[in-house]
Amino acid sequence: FNDGTGSSTNTDTSVDIINGAAVNGNFADRDGGGVFNTNATLDVLSGSTVNDNVAGARDGLPAFVAPALPGSDDEGGNGGGIFNMAAGIVTINAANVSDNFAIYNNVPTPRGGDGGGIFQDRYAGALLITNGSFVHDNYASKRGGGIFVNNNHDVYIFGSFVTENDAGTNGGGIYNLGGTVT
């Protein structure tokens, strides 16, 4: 998961990132710099990390370093660490999601920049963050530096920390667009 050329795409029924595994140093031109989960339950467990990933990169560089050119098809991205649009539950248990970026780009059309650490899409299932996990030091150039929750989804945070995240407009830690955060 550390090839530096793109995100891990998951379309199976279940994927586990466990026992100190790392999804680090990846980038995606659009969504899911570290993990793009479309069809499965996703578990990040036991000391594993999802960090230093970028969604909305152009040629591997964040849009603020290599901005899109007028007339190009470069777009921003959501979910710097994890982009989840699967109906299954995403569990972050005794793990870290940190130092990820979701970059907004307004050329050719405005897009991206939400959910620096985790982006829960409108089709996604619940998000469970538990057992001393950290969602920290992530950045979204628009909303939800740590976590962006899109449309009526449940987020449960137990004995864990959402700290030191930053967003360009709203929700440095969590931006909740109609979901429930407990």
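Q: What makes β17 and β21 count as a pair of strands?
A: In this predicted model, β17 and β21 are joined by three bridges. Two strands pair if at least two bridges are found between them, so three bridges are enough for β17 and β21. Their pairing is in the parallel sense. One bridge links I118 to its partner in β21, I147.

Q: How do you know that β21 and β25 pair as well?
A: There are four bridges between β21 and strand β25, which spans residues 174-177. The cut-off is at least two bridges, so β21 and β25 qualify. These strands also run in the parallel sense, and V149 stands opposite N176 of β25.

Q: What makes both faces of β21 covered?
A: In a regular strand, side chains alternate between the two faces of the sheet. In β21, I147 and V149 lie on one side, while F148 and N150 lie on the other, and all of them are buried. Buried means under 20% relative accessible area.

Q: Why are β2 and β26 called edge strands?
A: They belong to an open sheet of six strands in the order β2-β6-β12-β18-β22-β26, paired in the parallel sense. Within that sheet, β2 (14-17) and β26 (180-181) each pair on one side only. For β2, the neighbour is β6 (residues 41-45), joined to it by four bridges. Among the bridge partners are V15 and L42 of β6.

Q: How many helices and strands does the protein have?
A: There are zero helices and 26 strands. Strands of a sheet pair through backbone hydrogen bonds, either parallel or antiparallel.

Q: Which residues touch the most other members of the largest nonpolar core?
A: They are V44, I82, I92, I118, L127 and I129, in a core of 19 residues. At least two residues of this core come from each of β6, β12 (90-93), β18 (127-130), β21 (147-150) and β22 (154-158). There is also a second, separate core of five residues, including F83, F119, F148 and Y175. Looking at one member of the largest core, I92 touches V44, I82, V97, I118, L127, L128, I129, T130 and S133, leaving out residues up to four places away in sequence.

Q: What makes D114 and R143 a salt bridge?
A: The closest N and O atoms of D114 and R143 are 2.9 Å apart. A salt bridge needs a side-chain nitrogen of Lys or Arg within 4 Å of a carboxyl oxygen of Asp or Glu, so this pair meets the rule. A search of the whole structure finds one salt bridge. D114 lies in the loop between β16 (111-112) and β17 (118-120), and R143 in the loop between β20 and β21, so the pair ties together parts that are 29 residues apart in sequence.

Q: Why is D114 called buried, and why is R143 called partly exposed?
A: D114 has a relative accessible area of 5%, which is under the 20% limit for buried. R143 has 21%, which falls in the range between buried and exposed, from 20% to 50%.

Q: What is unusual about the phi of N19 and D137?
A: Most residues other than glycine have a negative phi. N19 has a positive phi of about 50°, and D137 has a positive phi of about 55°. N19 sits in the loop between β2 and β3 (22-24), and D137 in the loop between β19 (134-136) and β20 (139-140).

Q: Is N19 buried or exposed, and how is D137 classed?
A: N19 has a relative accessibility of 62%; exposed means over 50%, so N19 is exposed. D137, with a relative accessible area of 31%, is partly exposed.

Q: Where should the predicted coordinates not be read in detail?
A: That caution applies where pLDDT is low. The pLDDT is below 50 over residues 1-7 and stays under 50 over residues 63-72. For the protein, the mean pLDDT is 83, and 80% of its residues reach 70 or more.

Key. Residues are numbered from 1 along each chain as its sequence is written. Side-chain values use heavy atoms; hydrogens and water are left out. pLDDT is the predictor's confidence in each residue, from 0 to 100. Contact means heavy atoms within 4.5 Å. Buried means under 20% relative accessible area, exposed over 50%, partly exposed in between (1.4 Å probe, protein chains only). A nonpolar core is a set of buried Ala, Val, Leu, Ile, Met, Phe, Trp, Tyr and Cys residues joined through side-chain atoms within 4.5 Å.
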